[in-house]
Amino acid sequence: MYRAVLGPQRHLFLPVVPFSRRMSSAGAERRGILTDKVALITGSTDGIGFAIAQRLARDGAHVIVSSRKQENVDRAVEKLQGEGLSASGTVCHVGKEEDCKKLVSMASEKHGFINFLICAAGVNPLAWSTLGASEDIWDKVMDINVKAPARLVKLALPYMVTLEEKQKPDIWAKPDPRVSGVVFVSSAVAYAPVTPLGPYNVSKTALLGLTKTLALELAPKGIRVNCLAPGLIKTNFSEVIWKDKNFLQDMMKRCGFTRVGLPEECAGVVSFLCSPDSSYITGETIVASGFSPRL
Ligand code: NAP
């Protein structure tokens, strides 16, 4: 038996299922999947980073949020704690090594270990073209978007939960759910560059290379390194694009997406990449862009 849907989707017909048969299974609750885990997230007082922090905390993790401005950190921590979530925070400009050390030591002193490092902070000084970009723009983009995530992994590694490295690994070992993971935030432009973004495209493609390289280097320790590549997501960062109707429409037509995404649509992917469900996935990038920019 089918039920017609009214409204804009009226061409759809849904099977009519008695309510009693639509109840969820007992034990199907997925919340708490990251209980007792500690997640450190850069660039997480707003936008995609904040949505990731919120989602990981809702999944049970203690989250440490961070960004450049103390008032933003305070606001984000307050918002998360106001929801009853376990959160703390500190200032960390990812381009400043001292700040990065402070962020890592906050986590290690308070908790003794780090399970997940999520590098969401990024910068995009509009260059309009790749060859027209100044040395300063190149340095800034590569420093914040590529070098900083690598530096943070290096600083966090001594506190990350790892497997004991053995000369002969146990090839039949079961996945160890305690082991740590890293997630970088790249962009769909890593695969489908947008001309005016110039060096930003290049930096986000480099981040895919960093993901693959570190996945190999850290595999013997059991650490998985993966990446999220969002498309156009409605945040302050991308305002310059989604507020420009002509630019937006041109981009949508060229790429084939039909709406602008939401930060929460990125957060679920990161939750999956931190969860035991992705225990055999490393060196991968998951695109969340409403279109497919690669083969
Ligand atoms: P957003 O809404 O502007 O939020 C950026 C966050 O990062 C804020 O919390 C900001 O807080 C912080 N931040 C900025 N620069 C930082 C720095 N140098 N060090 C530490 N924290 C910093 O941006 P978003 O759209 O969520 O972007 C997040 C990431 O997603 C970026 O890596 C971006 O490249 C990527 N991305 C975004 C889109 C999109 O359409 N939005 C698409 C693809 C990829 P403070 O101001 O307090 O520092």
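## Close-ups of a predicted model

**View 1. W128 sits in the loop between β6 (116–119) and α4.** Everything shown here and below comes from a predicted model, not an experiment. Is W128 buried or exposed? It counts as exposed, because its relative accessibility is 57% and the exposed class begins over 50%. W128 also has company on the surface: together with L126 and V240, it makes a nonpolar patch of about 310 Å². For the chain as a whole, the accessible surface comes to about 16300 Å², with 55% of that belonging to carbon and sulfur atoms.

**View 2. Helix α4 has a kink centred on D143.** The helix covers residues 135–156, which makes 22 residues. From first C-alpha to last it reaches 30 Å, close to the 32 Å expected at 1.5 Å a residue. How big is the kink in α4? It is about 40°. D143 has another role in this picture, since D143, K147 and R151 are linked in a network of salt bridges. A general point helps in reading the view: an α-helix has 3.6 residues a turn, so residues three or four places apart point the same way.

**View 3. Helix α3 (residues 97–111) has a set of buried residues.** This one has 15 residues and spans 21 Å between its end C-alphas, close to the 21 Å expected at 1.5 Å a residue. Which residues of α3 are buried? They are D99, C100, L103, V104, M106, A107 and S108. Those buried residues pack against the strands β3 (38–42), β4 (62–67) and β5 (87–91), and against helix α4 too. Just after α3 comes G112, with a positive phi of about 85°.

**View 4. E109 is an exposed residue of α3.** E109 gets that label because its relative accessible area is 69%, and anything over 50% counts as exposed. Look for Y159 in the same frame: the two residues are 50 apart in sequence, and their C-alphas are 9.9 Å apart in space.

**View 5. K221 and E165 meet in a salt bridge, 2.8 Å from N to O.** The pair links distant parts of the chain, 56 residues apart. K221 is in the loop between α5 (199–218) and β8 (224–230), while E165 is in the loop between α4 and β7 (181–185). K221 is partly exposed at 23% relative accessible area, and E165 is also partly exposed, at 47%. The count for the model comes to ten salt bridges.

**View 6. R55 forms a salt bridge with D59.** The closest N and O atoms are 3.2 Å apart. R55 counts as partly exposed, at 30% relative accessibility. And D59: buried or exposed? D59 is buried, because its relative accessibility is 5% and the buried class is under 20%.

**View 7. R178 and D176 are joined by a salt bridge.** Here the N to O distance is 2.5 Å. R178 counts as exposed, at 56% relative accessibility, whereas D176 is partly exposed, with 25%.

**View 8. G283 is a buried glycine in the loop between α8 (264–274) and β9 (285–288).** Its relative accessibility is 7%. What does G283 touch, leaving aside its neighbours within four places in sequence? The contacts are T211, K212, A215, V225 and N226. V183 is worth finding as well: it is 100 residues from G283 in sequence, yet the two C-alphas are 9.7 Å apart.

**View 9. S278 is in the loop between α8 and β9.** S278 counts as buried, with a relative accessibility of 0%. Not counting residues up to four places away in sequence, S278 touches R224, F272 and L273.

**View 10. The whole chain, for orientation.** The protein chain has eight helices and nine strands. Of its 295 residues, 46% are buried. Among contacts between residues at least 6 apart in sequence, 69% join residues at least 24 apart.

Technical notes
Residues numbered from 1 in each chain as written. Predicted model: local features only at pLDDT ≥ 70, side-chain atom pairs only at ≥ 80, totals over all residues. Heavy atoms only, no water. Helix = DSSP H or I, 4+ residues; strand = E, 2+ residues; numbered from the N terminus. Expected span 1.5 Å × (residues − 1). Bend = angle between axes of the 7 residues up to and from the residue. Buried < 20%, exposed > 50% of the residue type's maximum accessible area, 1.4 Å probe, protein only. Contact = heavy atoms within 4.5 Å. Areas by Shrake-Rupley, 256 points an atom, 1.4 Å probe, with all protein chains shown as cover. Patch = residues over 30% accessible without salt bridge, like charges linked within 9 Å, V, L, I, M, F, W, Y side chains within 5 Å. Salt bridge = Lys/Arg side-chain N within 4 Å of Asp/Glu carboxyl O.
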